[in-house]
Amino acid sequence: MHEAMQAFNEYNVKLANLYQEIVFGKLHMQTELQVTADMVAAELRRIIPIDRLRKAGSFFTGDVLAGRAAGSVSDHGLILDPACGAGSLLTAFTKKLPIETTLADTLREWGRILYGCDLFPEFVEATKLRIILEAISRGVQLNGDSLDELKDLLYGIKQGDGLGLVPPETCTHVLMNPPFRLVPAPANCQWAKGKLNEAALFVEYYLQRIPENCTLIAILPEVLRCGTRYKKWRTWLEVNITAEVMLNGQFDTKTDVDVFVFAASRLSTQKPSMNRIDWKTQIDEPTDLTVGSLFDVRVGSVVPYRDEIAGDEYPYACPSNLPRWRIVSEFENRCGYAGRKINPPFVAIRRTSSPSDRERAAATIVTGKEAVAVENHLIVACPRKDGLRACKRLLKLLRSAETNRFLNQRMRCRHLTVGAVKEINWQEEIHAGTD
Ligand SMILES: C[S@@+](CC[C@H](N)C(=O)[O-])C[C@H]1O[C@@H](n2cnc3c(N)ncnc32)[C@H](O)[C@@H]1O
């Protein structure tokens, strides 16, 4: 993994050259020195293959979102970004800091305030170079200092593991966009088993360690805000912290993940209490009869690109071969698949949608005699009784205005969850005339 990240040094050389060109008067510092967070995020994608970035959980924040997160910091002392990448959040934050007359004096002051780390030294180097260039773009006087001396002034920004760092006593803000990759839950994790989103671990880690009066500001994936899997995590937060949730929408135009900005402070350790956080999901109370009480609901198990799906043993269902709101009994695609297959009839529901889609839970009924291998972009609802009749009723229910309203209130993120589908009320009046 580290080898792939080393390629980022190519960009660091460019940044270092910019400094030299400014020192030697070849570039005009304010008009020609434009290194925006969007540009750095684009360079990262250009230099490092996307599968490596996914594995490392490395996606750099763009200007608008970085400005939004950094803009939430007020009355600051020391700021820590424990997964700083190429410094988009720290650099955005420096826009709030005053400058001194010279570059070195400015960095000396900023160096007392800015702390951060990243697993990859290439990103740490980029962070320091960007902060230096940012100070220059503010119009400070250059005295020909060597880059190494200037970088040393930012001594709080180093290579390291953000999940092993003790935040300094004087830290007033932890500002982060942690990795969103799936990792195994630690053995002592109280709220989940199996795999979980690393961002949840970062939040838990820091909320357990930050000094009182320190605020954590984090860019987090929507799944933490509304996924069933993170319900216990949210409850843990409600007991231990007070927080504000700011919805944001998509991370950036290239990254199809919805995010929110989370600003949290610890409650006094002596007095844990249930302090409900407004997760901005006003949910209708479910009645006794829900989709979950009548159907077994789960995510399809075939993971394309990971699972071997060659061969022709089973029909293969994926969003592209399931026309919406229809009944399908034959599949062109077939695959050999050793994992769990689903016996028809069942309803296959697309997991990805967005609040602007007219129908949030687009679905198809699958019938036939053969077990079907179902892709993991689909949620499958298998009726416990009444077979095809129950499936038809569910299709009608999923298409109804009530269900759309419920899902839009229940979750703003694009991915439907098993929990949300299970909670849909089974409204008898909707079923009149279905059979
Ligand atoms: C989503 S990126 C965000 C980077 C940066 N904060 C920004 O907003 O552009 C997450 C960063 O965390 C780093 N990272 C992943 N695991 C880490 C860990 N355990 N400790 C420190 N950094 C880590 C990755 O290398 C990546 O640069």
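The chain has 17 helices and 17 strands. Keep in mind that this is a predicted model. There are 435 residues in the chain, and 39% of them count as buried. Now look at the contacts with a separation of 6 or more. Residues 24 or more positions apart account for 78% of those.

How far does the confidence go? The average pLDDT of the chain is 88. A score of at least 70 is reached by 90% of the residues. One stretch to treat with care is residues 282-286, where the pLDDT is below 50. Beyond near neighbours in sequence, that stretch has six contacts in the model.

Next, the inside. The largest nonpolar core has 74 residues. Which residues have the most contacts inside this core? They are V174, L175 and L216. Helix α9, residues 121-137, gives the most to this core, with eight residues. There is also a second, separate core, with 41 residues. That one includes L378, A381, A390 and L416.

Let's stay with V174 for a moment. Set aside its neighbours within four places in sequence. V174 is then in contact with L80, P82, P167, Y206, I210, C214 and L216. L80 will come back shortly, as a bridge partner.

That takes us to strand β4, residues 171-176. Is β4 largely enclosed or left open? Five of its six residues are buried, so the rest of the structure largely encloses this strand.

Who pairs with β4? On one hand, strand β1, residues 78-81. Three bridges join β1 to β4, and the two run parallel. Within this pairing, L80 has V174 of β4 as its bridge partner. On the other hand, there is strand β7, residues 215-221. β4 and β7 are also parallel, over four bridges. Here M176 has A218 of β7 as its bridge partner. A general reminder: strands of a sheet pair through backbone hydrogen bonds, either parallel or antiparallel.

Just ahead of β4 sits T170. T170 lies in the loop between β3, residues 157-159, and β4. Is T170 buried or exposed? T170 is exposed, because 12 other C-beta atoms lie within 10 Å, and a residue with 12 or fewer counts as exposed. T170 still has partners from elsewhere in the sequence. Not counting residues up to four places away, T170 touches G77 and L78. T170 and G77 are 93 residues apart along the chain. Their C-alpha atoms are separated by 7.0 Å.

Now the ligand. There are 24 residues around it. Which of them come nearest? T61, A83, G85, G162 and N177 do. By type, the shell divides into 14 nonpolar, seven polar and three charged residues. Two elements to point out are α7, residues 88-94, and β2, residues 114-118. Each supplies at least two residues of the shell.

Over to another sheet. This one is open, has three strands and mixed pairing. Its order is β13-β11-β16. Which strands stand at the edges? β13, residues 334-335, and β16, residues 373-374, do. Each has a single partner strand, so one side of each is left without a neighbour in the sheet. β11, residues 314-317, pairs with β16 in the parallel sense over two bridges. There, A317 has V374 of β16 as its bridge partner.

Last, some backbone details. Most residues other than glycine have a negative phi, and most peptide bonds are trans. Here are departures from that pattern.

One is a cis peptide bond. It joins P344 and P345, with omega at about 0°. P345 is found in the loop between β13 and β14, residues 346-350.

Another is N213. N213 is not a glycine, yet has a positive phi of about 75°. Where is N213? In the loop between α11, residues 198-209, and β7. N213 counts as exposed, because it has 11 C-beta neighbours inside 10 Å.

Then D386. Its phi is near 70°, again a positive value in a residue other than glycine. D386 is found in the loop between β17, residues 378-383, and α15, residues 387-399. With 13 C-beta neighbours inside 10 Å, D386 counts as partly exposed.

To close, go back to V174. V174 is among the residues with the most contacts inside the largest core. V174 is also the bridge partner of L80. That is a good residue to pick out on the screen.

Key
Residues are numbered from 1 along each chain as its sequence is written. This is a predicted model: local features need pLDDT of at least 70, side-chain atom pairs count only at pLDDT 80 or more; totals for chains, interfaces and linings use all residues. A nonpolar core is a set of buried Ala, Val, Leu, Ile, Met, Phe, Trp, Tyr and Cys residues joined through C-beta atoms within 7 Å. A residue is buried if 20 or more other C-beta atoms lie within 10 Å of its own, exposed if 12 or fewer, and partly exposed in between; C-beta atoms are placed from the backbone. Two residues are in contact if their C-beta atoms, placed from the backbone, lie within 7 Å. A residue is near a molecule or strand if its C-beta atom, placed from the backbone, lies within 6 Å of it. Ala, Val, Leu, Ile, Met, Phe, Trp, Tyr, Cys and Pro count as nonpolar, Asp, Glu, Lys and Arg as charged, and the others, Gly among them, as polar. Two strands pair if DSSP finds at least two bridges between them. pLDDT is the predictor's confidence in each residue, from 0 to 100.
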